[in-house]
Amino acid sequence: MDGYEKKFTDVNKLGEFGLIEKLTSEFTNRQESTMFGIGDDAAVLKYGKEHLVVSTDMLVEGIHFDLMYSPLKHLGYKAVVVNLSDIYAMNAIPKQITVSIALSSKFSVEALEELYRGIKEACRVYNVDLIGGDTTSSPRGLTISVTAIGKAKAKSITYRSGAKKGDIICITGDLGSAYLGLQILEREKQLYVSNPGIQPDLENEKYLLERQLKPEARKDSIAYLAKEGVIPTSMIDISDGLASDLMHICKASNVGAYIEEAKVPIKDEAQLMAIKFQLDPITTALNGGEDYELLFTINEKDLEKIRYMPSVYIIGEITNQEDGITLHTTGGNIHPLKAQGWNHFDEHDANQN
Ligand code: ADP
Ligand code: MG
């Protein structure tokens, strides 16, 4: 045991981003067509005037979803949507997906057909083609890996790295609801496990549950920005939580930022549910994750053009790197923003994306 501890490093020590960095830092790109590789929501490939963007994401049973409360059709839909969200985060339009699955023998053909009904629905809604994938068996559970390919004009691609001091920070919708939806589902699961006869009471929580089980990607926001001729200076999709994803932008852009607590949109039902769970609503918005809203920055000169954008919220401003990343609270205090992004390797964080 001692020898093991000396020789091998626990993956938890590095965390997700540290591990990716460690594994990939010595790779260099050889191809002229590789405009951007690792480190954004999607890779960018140059083929002629148009650029391709490529992104991949994996969902693992017991880590990212629990089949006790995730209907398979919704799961198929969500597996596609979370990938398309990364394509939109580059200001690109998704065109094709591949879907790979690894499954144990507990899954029936009918169950997988249900999963694919969800995938098909997402293809219809987002106008993308399923063009391939891979199918294999697994000793336990279900793993779904989706790769999405999108297209964009070279000049409209938005990276995490383009934010400048004075830029305005915007998000495309409310935050925290998906996390609270998950808390409700977990609560009901515990109740069911301790008393299988009990009927879950989920009728009143439709919005929060839908945000968790069947999220949408912001196709509409990308279309609006294109129509208005606005190219954000930077963009990311909020998958880990506003705090963590804003930090990615600030780190990649070498800038600081402040956001105003009072401007962060939280729906009334999310506020109420957070309080029921004895959580601070702003914490669920900052650290909840899985919202799949877009977080983007624009030059001040574009402010007029997004003023009437549906469900857009202006929440703060980009500052100098030395100023750090701060939250201006409703009470008038200034706090450094902390990211409590989910550690995917921690067992007690199972079911967080
Ligand atoms: P997102 O949350 O937007 O899906 P991630 O945080 O998963 O992005 O990944 C950050 C970056 O690291 C991306 O460019 C992704 O493609 C890359 N990446 C993640 N895992 C690996 C891996 N195992 N090998 C190579 N690149 C990886
Ligand atoms: Mg992303």
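A charge sits over a ring if NZ of Lys or CZ of Arg is within 6 Å of the ring centre and within 35 degrees of the ring normal. The exercises below apply this and related criteria to a predicted model.

**Exercise 1. Charges over rings**

Find which residue lies over the face of Tyr207, and which lies over the face of Tyr77.

Solution.
- Start with Tyr207. Lys267 lies over its face, 4.6 Å from the ring centre.
- Turn to Tyr77. Here the residue over the face is Lys214, at 4.2 Å from the ring centre.

**Exercise 2. Aromatic pairs**

State how many aromatic pairs the structure holds, and describe their geometry and placement.

Solution.
- Count first. There are 2 aromatic pairs.
- Take Phe36 and Tyr159. Their centres are 5.3 Å apart and their planes make an angle of 50°. Planes under 30 degrees apart count as stacked and over 60 as edge-to-face, so this pair is tilted.
- Place the two residues. Phe36 belongs to strand β1 (residues 34–36). Tyr159 sits in the loop between β6 (142–153) and β7 (168–171). The pair links distant parts of the chain, 123 residues apart.
- Check exposure. Phe36 has a relative accessible area of 26%, so Phe36 is partly exposed.
- Take Tyr88 and Tyr126. This pair is also tilted, with 6.3 Å centre to centre and 50° between the planes.
- Place these residues too. Tyr88 is in helix α3 (residues 72–88) and Tyr126 in helix α4 (residues 109–126), 38 residues apart.
- Check exposure again. Buried means under 20% relative accessible area. Tyr88 is buried because its value is 2%. Tyr126 is buried because its value is 4%.

**Exercise 3. The magnesium site**

Name the protein donors of the magnesium ion (ligand 2), and work out where Asp41 and Asp86 lie.

Solution.
- List the donors. They are Asp41 (OD), Asp86 (OD) and Asp237 (OD), lying 2.0 to 2.1 Å from the ion.
- Write the spacing. In sequence the donor residues follow D-x44-D-x150-D.
- Locate the pair. Asp41 lies in the loop between β1 and β2 (43–47), and Asp86 in helix α3, so the two tie together parts that are 45 residues apart in sequence.
- Judge burial. Asp41 is buried, at 7% relative accessible area. Asp86 also counts as buried, at 8% relative accessibility.

**Exercise 4. Helix α6**

Identify the buried residues of helix α6 (residues 206–213) and elements that cover them.

Solution.
- Read off the buried residues: Leu208, Leu209, Arg211, Gln212 and Leu213.
- Look at the cover. It includes α3, α5 (177–194) and α9 (268–276).

How values were computed. Residues numbered from 1 in each chain as written. Chains lettered and ligands numbered in written order. Predicted model: local features only at pLDDT ≥ 70, side-chain atom pairs only at ≥ 80, totals over all residues. Heavy atoms only, no water. Phe/Tyr/Trp six-rings, centres within 6.5 Å; stacked < 30°, edge-to-face > 60°. Helix = DSSP H or I, 4+ residues; strand = E, 2+ residues; numbered from the N terminus. Buried < 20%, exposed > 50% of the residue type's maximum accessible area, 1.4 Å probe, protein only. Contact = heavy atoms within 4.5 Å. Donors = N, O, S within 2.8 Å, 3.2 Å for Na, K, Ca; no water.
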